[in-house]
Number of protein chains: 2
Amino acid sequence: MSVQYGGIEAGGTKFVCALGTGPSDLQMAQFPTTTPGDTIGQAIDFFKRRSSRDRLAAVGIGTFGPVDPHPGSARFGYITTTPKPGWAQTDFAGVVQRALGVPVAFDTDVNAAAFGEQRWGSAQGIDHFIYLTIGTGIGGGALVGGELVHGLVHPEMGHIRIPHDWKADPYAGACPYHGDCFEGLAAGPALQGRWGQRGETLPADHPAWDLEAYYLALGVANFVCTLSPKRIVMGGGVMRQPRLLSLVREQVLQLLNNYVRAPEILERIEEYIVAPGLGPQAGVLGALALAERAAEQKRATHPW
Amino acid sequence: MSVQYGGIEAGGTKFVCALGTGPSDLQMAQFPTTTPGDTIGQAIDFFKRRSSRDRLAAVGIGTFGPVDPHPGSARFGYITTTPKPGWAQTDFAGVVQRALGVPVAFDTDVNAAAFGEQRWGSAQGIDHFIYLTIGTGIGGGALVGGELVHGLVHPEMGHIRIPHDWKADPYAGACPYHGDCFEGLAAGPALQGRWGQRGETLPADHPAWDLEAYYLALGVANFVCTLSPKRIVMGGGVMRQPRLLSLVREQVLQLLNNYVRAPEILERIEEYIVAPGLGPQAGVLGALALAERAAEQKRATHPW
């Protein structure tokens with residue numbers, strides 16, 4: 001019987017679970033995020049029902065946060081200080097590990113998605129890149145030297161400060177912590193708050209999209225200057241507007257103004273700033289890829 | 001005879017050379033930056049005169065840029081597209097390597113300084129941190145997972161965009177590429193352009209310093225959100241104003257607004273944002289540390 005991996009993409013509104021070895025053989029399930037006990041319990045039941053302890057080699061979790069992704073830490077595998085009711089200080093990886101008896105990899109939702117894009121998506125073979133998701137919030141995951149970046153806690157790329165074009169945009173920003181940070185100006189709730197309607201209902205020629213592209217480009221240009229990524233993958237619900245990616249590319253070039261003189265940016269921007277190859281499955285497939293790596297690491301340590 | 005390392009800190013106005021094994025046994029020289037041939041030649045002469053081929057194990061270079069720091073590249077060791085007259089497309093590491101016949105390590109000035117601070121300064125034992133220099137420009141070097149970050153080219157942290165407080169500060173910014181980017185608003189030339197006098201002549205209670213701290217804190221907060229560093233070391237001429245570091249710490253806390261809930265930030269900010277332990281010698285000692293590492297890597301590869 002062949003090996004299987006489990007992936008859990010834990011979002012604030014829904015959980016997505018996948019079982020298999022990659023994009024071509026997935027069994028999937030999704031259900032609303034309610035209490036930690038019920039929701040994590042449903043994920044565990046899914047893997048117990050669909051797989052077996054003989055086949056399931058590891059589970060990977062990519063989750064909303066903030067989280068503690070540091071394996072040496074006492075709170076490793078916890079969702080920590082989230083404002084989401086009932087979920088603060090929730091042991092997530094530990095509960096899954098004890099219920100299923102397999103290695104459990106644990107990271108942020110965006111780090112998982114970045115890892116998935118490297119495994120099967122738009123960043124295959126690239127050891128140094130950024131994955132951004134622009135949806136109800138903005139999150140970013142980075143690989144540097146082939147490893148997911150954690151650092152002190154983990155990146156919170158959605159909360160950088162960018163210039164707010166007050167003349168064109170009197171909207172104060174939607175972030176409860178920072179008002180007009182990147183996420184506060186450019187995530188889905190800002191589109192809705194500024195224009196009075198949801199982003200997906202705004203027509204392609206609405207001025208909303210030029211302003212949105214400007215703010216997204218400011219964020220992207222800042223990440224280019226800070227991390228010098230070899231590629232930037234931009235996903236999430238807001239990016240479904242078909243014009244947006246090319247508008248962002250144009251504005252990034254204008255903002256950098258030939259300062260970063262790499263042909264990858266100056267000559268091939270359409271290969272530099274790209275959509276996720278895995279689309280909305282980047283997160284859950286990334287969690288699966290984290291599981292695959294955890295199983296391989298376990299085999300490398302205990303090869304018998 | 002004991003081994004020696006050479007370090008070259010190549011700046012736009014002066015070169016600093018050091019020979020020794022660390023901060024306690026340095027022989028040093030400095031001279032103005034003129035043409036590449038003369039200036040690199042003087043550095044080579046310094047090492048030839050003061051050391052010998054038997055003793056000198058390696059040379060490290062930390063230089064103004066942009067540079068090509070990728071060992072596999074055809075232009076490795078070059079200063080590339082600098083606007084500095086005469087210096088564009090200058091082979092730097094290759095010339096030094098051929099003249100001295102030893103391994104030559106090559107990186108940006110700020111990456112070298114970051115490496116020096118980790119070896120002997122304020123970031124000893126820390127594998128994930130940022131070094132910033134605030135002087136005639138703003139530069140940043142990062143270690144992630146114990147390795148200096150390069151990526152596509154190398155970081156250009158001075159050129160991120162931050163909110164410009166137009167009400168308090170009508171000054172347009174000093175960056176020839178971006179106007180009011182981070183460097184354009186907060187490096188030495190911006191202080192001089194905004195207030196009509198050099199930063200070192202502005203008294204400690206001048207309102208310049210609150211505004212300066214605000215802009216610096218915006219940059220620092222953005223780097224915290226993007227890279228989640230475990231420490232931030234802030235050096236350079238502008239930081240010599242004694243009040244500035246503590247003003248920056250206060251403003252960083254206000255900007256983050258308890259969003260990044262790490263005790264290292266919330267409870268011990270004075271150990272989180274710190275001055276360089278090596279002071280103005282961070283750059284040249286970092287270059288020396290790069291040489292030390294290059295010699296060790298050579299010994300690891302050719303242990304005889």
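# Notebook: a predicted two-chain model

**Entry 1: a hairpin in chain B.** I began with chain B, where six residues link β2(B) to β3(B) in a hairpin. I kept in mind that this is a predicted model. The two strands, β2 at residues 14-20 and β3 at residues 27-32 of chain B, run antiparallel and are joined by six bridges. To fix one spot on the ladder, I looked up B:Ala18 and found its bridge partner in β3(B) to be B:Met28.

**Entry 2: the start of chain A.** Next I turned to chain A and its strand β2, residues 14-20. Are most residues of this strand buried or exposed? I found six of its seven residues buried, so I noted the strand as mostly covered.

I then asked which strands pair with β2(A). On one hand there is β1(A), residues 4-10, which pairs with β2(A) in the antiparallel sense over six bridges. A:Glu9 stands opposite A:Val16 of β2(A), and the hairpin of β1(A) and β2(A) has three residues between the strands. On the other hand there is β3(A), residues 27-32, whose pairing with β2(A) is antiparallel over six bridges. There I picked out A:Leu19, which stands opposite A:Gln27 in β3(A). Six residues make the hairpin link from β2(A) to β3(A).

A reminder to myself: strands in a sheet pair through hydrogen bonds of the backbone, in either a parallel or an antiparallel sense.

**Entry 3: an open sheet in chain A.** Further along chain A I traced an open sheet of five strands, with the order β10-β9-β8-β11-β12 and mixed pairing. Which strands stand at the edges? They are β10 (147-148) and β12 (273-274) of chain A; each has a single partner strand, so one side of each has no neighbour in the sheet.

I looked at one of these edges in detail. Strand β11(A), residues 232-235, runs parallel to β12(A), and two bridges join them. A:Ile232 has A:Ile273 as its bridge partner in β12(A).

**Entry 4: looking for disulfides.** How many disulfides are there over all chains? My search of the whole structure came back with zero. For the record, a disulfide is a covalent bond between the sulfur atoms of two cysteines.

I wanted to know why A:Cys225 has no such bond. The closest cysteine sulfur belongs to B:Cys181 and lies 8.0 Å from that of A:Cys225, which is too far for a bond, since the cut-off is 2.5 Å. In chain B, B:Cys225 is likewise in no disulfide, and its nearest cysteine sulfur, in A:Cys181, is 8.0 Å away. I also checked how covered these cysteines are: A:Cys225 is buried at a relative accessible area of 2%, and B:Cys225 is buried at 2% as well.

**Entry 5: where the chains meet.** I moved on to the interface. Here 39 residues of chain B are in contact with 39 residues of chain A. Between them the chains bury about 3,500 Å², and 67% of this lies on carbon and sulfur atoms. In chain B, the residues that lose the most area to chain A are B:Leu152, B:Arg161 and B:Tyr259, together 23% of what that side buries.

What kinds of contact cross over? I counted 24 residue pairs in polar contact between the chains, both residues at pLDDT 80 or more, but zero salt bridges across the interface. I noted three helices of chain B that each supply at least two residues of the side touching chain A: α6 (208-227), α7 (244-256) and α8 (263-266). The largest share of that side, six residues, comes from α6(B).

**Entry 6: salt bridges.** Over all chains I found 13 salt bridges. Which residue does B:Arg119 meet in a salt bridge? The partner is B:Glu292, with the closest N and O atoms 2.6 Å apart. B:Arg119 lies in helix α3(B), residues 109-120, and B:Glu292 in helix α10(B), residues 282-301, so the pair ties together parts 173 residues apart in sequence. B:Arg119 is partly exposed at 34% relative accessibility, whereas B:Glu292 is buried at 11%.

I then looked up another pair, in chain A. A:Arg198 and A:Glu200 join their side chains in a salt bridge, at 2.9 Å from N to O. A:Arg198 is partly exposed, at 47%, and A:Glu200 is exposed, at 60%. In chain B, B:Arg198 and B:Glu200 form a salt bridge with the closest N and O atoms 2.8 Å apart. B:Arg198 is partly exposed at 47%, while B:Glu200 is exposed at 59%.

Notes: Residues numbered from 1 in each chain as written. Chains lettered and ligands numbered in written order. Predicted model: local features only at pLDDT ≥ 70, side-chain atom pairs only at ≥ 80, totals over all residues. Heavy atoms only, no water. Buried < 20%, exposed > 50% of the residue type's maximum accessible area, 1.4 Å probe, protein only. Helix = DSSP H or I, 4+ residues; strand = E, 2+ residues; numbered from the N terminus. Pairing = 2+ DSSP bridges. Contact = heavy atoms within 4.5 Å. Buried area = accessible area lost by both parts, 1.4 Å probe. Salt bridge = Lys/Arg side-chain N within 4 Å of Asp/Glu carboxyl O. Polar contact = N/O pair within 3.5 Å; in protein donor to acceptor, adjacent residues only side chain to side chain.
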